[in-house]
Amino acid sequence: MSYLQWTENLSVGVARMDEHHKKLVELINTLFDAMSGDATRAVDTVLGDLLDYTRYHFAEEEKLLAASNYPALEEHQAIHRAMVKEVLDMRQRYQDNPASVPAVEALDFLSKWLMRHIIGKDLRYRSYVEESSGS
Ligand SMILES: [Fe+2]
Ligand SMILES: [Fe+2]
């Protein structure tokens with residue numbers, strides 16, 4: 001069973017962005033699955049993978065928003081930068097002292113980190129990108 005699930009109501013109207021979001025959900029689920037095993041190593045591995053993929057996704061999403069003349073692009077970029085920093089900070093805390101970042105805490109944080117952004121911010125660009133690619 002998965003911890004997090006991507007559902008249709010999370011769709012931003014662009015299949016490629018939805019696929020990216022599904023991949024981010026999958027990475028968080030990887031951590032959930034690993035919690036019954038060597039969770040300490042999973043935190044480290046998943047944070048690294050998540051950072052790599054997050055940077056890739058944010059860059060691609062920002063290109064799409066720029067091409068669609070999305071009016072809140074700058075605000076969205078700033079939020080993305082802050083989100084990357086949050087994960088970098090978590091990884092730093094983990095590297096300084098792995099015991100300070102329990103897997104259950106990382107899981108809870110990352111789930112909210114992703115879902116709040118998709119629901120609260122990404123869904124707002126839906127009508128803009130649909131319009132620009134719909135003609
Ligand atoms: Fe975003
Ligand atoms: Fe996104």
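**Exercise 1. Decide whether E60 is buried or exposed in this predicted model, and find which residues it is in contact with.**

Solution. Begin with the relative accessibility of E60, which is 13%. A residue counts as buried when its relative accessible area is under 20%, so E60 is buried. Next, place the residue in the fold: E60 lies in helix α2. Then look at its surroundings, leaving aside neighbours within four places in sequence, and you will find E60 in contact with R16, M17 and H20. Finally, look at the side chains of E60 and R16, which are joined by a polar contact of 3.3 Å.

**Exercise 2. Check what span helix α1 should have, and work out which of its residues are buried.**

Solution. Helix α1 covers residues 15-34, which makes 20 residues. The expected span is 1.5 Å times one less than the number of residues, so this helix should span 28 Å. Compare this with the model, where the C-alpha atoms at the two ends are 29 Å apart, a value that agrees with the expected one. Now turn to burial along the helix: M17, D18, H20, H21, L24, V25, L27, I28, N29 and L31 are buried.

**Exercise 3. Identify the residues that coordinate the iron ion (ligand 1), and explain which parts of the chain E61 and D122 tie together.**

Solution. List the donors first: E61 (OE), H76 (NE2), H80 (NE2), H117 (NE2) and D122 (OD) coordinate the iron ion (ligand 1), at 2.0 to 2.2 Å. Written along the sequence, these donor residues follow the spacing E-x14-H-x3-H-x36-H-x4-D. Now locate two of them, for E61 belongs to helix α2 (residues 39-67), while D122 sits in the loop between α4 (103-120) and α5 (126-134), and the pair therefore ties together parts that are 61 residues apart in sequence. As a last step, consider accessibility: E61 is buried at 0% relative accessibility, and D122 is buried with a relative accessible area of 0%.

**Exercise 4. Describe the site of the iron ion (ligand 2), and find what bridges this ion and the iron ion (ligand 1).**

Solution. The protein donors here are H21 (NE2), H57 (NE2), E61 (OE) and D122 (OD), which lie 2.2 Å from the iron ion (ligand 2). Examine the angles among the 4 donor atoms, which run from 83 to 171° and make the site irregular. The spacing of the donors along the chain is H-x35-H-x3-E-x60-D. The bridge is E61, and the two iron ions lie 3.5 Å apart. Since H21 lies in helix α1 and E61 in helix α2, this pair ties together parts that are 40 residues apart in sequence. H21, at 1% relative accessibility, is buried.

**Exercise 5. Find which elements give two or more residues to the largest nonpolar core, and follow the contacts of L110 and L114.**

Solution. The largest nonpolar core has 30 residues, and those with the most contacts inside it are L31, V43, L110, W113 and L114. The elements giving two or more residues to this core are α1, α2, α3 (73-96) and α4. Another core, of 8 residues, lies apart from it and includes V12, L65, Y70 and L73. Take L110 next: this residue is found in helix α4, and its relative accessible area of 0% means that L110 is buried. Leaving aside neighbours within four places in sequence, L110 is in contact with I28, L31, L47, L50 and V87. End with L114, which touches H21, L24, V25 and I28, when residues up to four places away in sequence are not counted.

Notes:
Residues are numbered from 1 along each chain as its sequence is written. Chains are lettered from A and ligands numbered from 1 in the order in which they are written. This is a predicted model: local features need pLDDT of at least 70, side-chain atom pairs count only at pLDDT 80 or more; totals for chains, interfaces and linings use all residues. Side-chain values use heavy atoms; hydrogens and water are left out. Helices (H or I, at least four residues) and strands (E, at least two) are DSSP runs, numbered from the N terminus. Buried means under 20% relative accessible area, exposed over 50%, partly exposed in between (1.4 Å probe, protein chains only). Donors are N, O and S atoms within 2.8 Å of the metal (3.2 Å for Na, K and Ca); water is not among the atoms, so sites may look incomplete. Four donors count as tetrahedral if all angles lie between 85 and 135 degrees; four count as square planar and six as octahedral if opposite donors are over 155 degrees apart and all others between 65 and 115; anything else is irregular. A nonpolar core is a set of buried Ala, Val, Leu, Ile, Met, Phe, Trp, Tyr and Cys residues joined through side-chain atoms within 4.5 Å. Contact means heavy atoms within 4.5 Å. A polar contact is a pair of N or O atoms within 3.5 Å; within protein, one must be able to donate a hydrogen and the other to accept it, and residues adjacent in sequence count only if both atoms are side-chain atoms.
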